[in-house]
Amino acid sequence: MSKIAARKLIRAWSNALAAVGSTTDSKVMEKYMKGIAPFFGVKSVERRKLAEECSSTCIGKKWNWDLLVMIVDHAFEANEREIHYCGVDLAKSKLAKRWIAEMDSSVVALAVNGPLRRWITSKSWWDTVDALASNVAGAFWMHHTEIMRCCMIEWLQHDNIWLRRSAILCQLHCKTLTDEAFLFDSCVSCFGTNEFFINKAIGWALRTYARVNADAVQAFVEKHEKYMHKLSKREALKHIRKGDSLKVTLKRHSCPSVKRKLPKMI
């Protein structure tokens, strides 16, 4: 029954998105995402609205983790990237996070190294990986920290760059609850590579944590400066400055509004 419901929802998503897709936008989106997958050409706001309507009709709010796994698995089997996005959006929804929070600790590692790992390594690019890492892996981290720490240590040693990137970014939304020692250790463990997506992730994670503890990030960068890739260092210190008193503060900056030239996809 769950498999039938999952396939029904995927068909509903596909039909709804195909009906409103733009050929012009699909070409722009595919080019922007380096050809990782074809697109219907539906922007994020409309896509989410249609996806929620289909989900409400097909599965309502009575679905569970097992059905979610089937849906997201089937979503990643689809050709079009928007279907992948629909699956990821469902996986990072409030209800999905509730299921993660209530998950029995005996099955957490299986869920992390099974479905979540499978999604991250399926048709991998930063758009889906970062959403899964910061939201889904992040929810597992928040509610099952010790088990996740063991899983993320394994991911940090993996050859797959997207698993390593996910381990670095899994605390992105933790703010004051960030495990600083693990964050710093995960960054150090990935030093010495020229891989853009790893070095960018290091800088992004540090820059985000700097909003909680800028002094610690500054000290970390100073300690490891000769080992850090320049991209990681630049990103980590992007919003930090040193005052005359050497007290580290976050820059107060504003960004001018810029007209988007690309359709919003994620």
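**Figure 1. Lys-175 in the loop between H10 and H11.** In this predicted model, Lys-175 has a relative accessibility of 61% and therefore counts as exposed, since the cut-off for that class is over 50%. Although 33 residues separate Lys-175 from Thr-208 in sequence, their C-alpha atoms are 8.1 Å apart in space. When residues up to four places away in sequence are not counted, Lys-175 touches Tyr-209 and Val-212.

**Figure 2. Helix H10, a mostly covered helix.** Helix H10 comprises residues 161-169, and nine of its nine residues are buried. The buried residues include the nonpolar side chains of Ile-161, Trp-162 and Leu-163. Arg-164, Arg-165 and Ser-166 are also buried, as are Ala-167, Ile-168 and Leu-169. Against which helices do the buried residues of H10 pack? Their partners are helix H7 (105-120), helix H8 (126-143), helix H9 (145-156), helix H11 (180-189) and helix H12 (196-209).

**Figure 3. Helix H5, a second view of a mostly covered helix.** Helix H5 spans residues 81-91, and 11 of its 11 residues are buried. Among them are Arg-81, Glu-82 and Asp-89, which count as charged residues. The buried residues of H5 also include Ile-83, His-84, Tyr-85 and Cys-86. Gly-87, Val-88, Leu-90 and Ala-91 are buried in this helix as well.

**Figure 4. Lys-34 and its positive phi.** Most residues other than glycine have a negative phi. Lys-34 is not a glycine, yet its phi is positive, at about 60°. This residue is placed in the loop between helix H2 (23-32) and helix H3 (44-58). Is Lys-34 buried or exposed? Lys-34 counts as exposed because its relative accessibility is 66%.

**Figure 5. Lys-123 in the loop between H7 and H8.** The phi of Lys-123 is near 45°, which is a positive value in a residue other than glycine. Lys-123 has a relative accessible area of 33% and so is partly exposed.

**Figure 6. A positive surface patch.** Which residues form this positive patch? The patch is made of Lys-3, Arg-7, Lys-8 and Arg-11. One of these residues, Lys-8, lies in helix H1, which covers residues 2-20. Because its relative accessibility is 44%, Lys-8 counts as partly exposed.

Definitions and conventions: Residues numbered from 1 in each chain as written. Predicted model: local features only at pLDDT ≥ 70, side-chain atom pairs only at ≥ 80, totals over all residues. Heavy atoms only, no water. Patch = residues over 30% accessible without salt bridge, like charges linked within 9 Å, V, L, I, M, F, W, Y side chains within 5 Å. Areas by Shrake-Rupley, 256 points an atom, 1.4 Å probe, with all protein chains shown as cover. Salt bridge = Lys/Arg side-chain N within 4 Å of Asp/Glu carboxyl O. Charge placed at Lys NZ, Arg CZ, Asp CG, Glu CD. Helix = DSSP H or I, 4+ residues; strand = E, 2+ residues; numbered from the N terminus. Buried < 20%, exposed > 50% of the residue type's maximum accessible area, 1.4 Å probe, protein only. Contact = heavy atoms within 4.5 Å.
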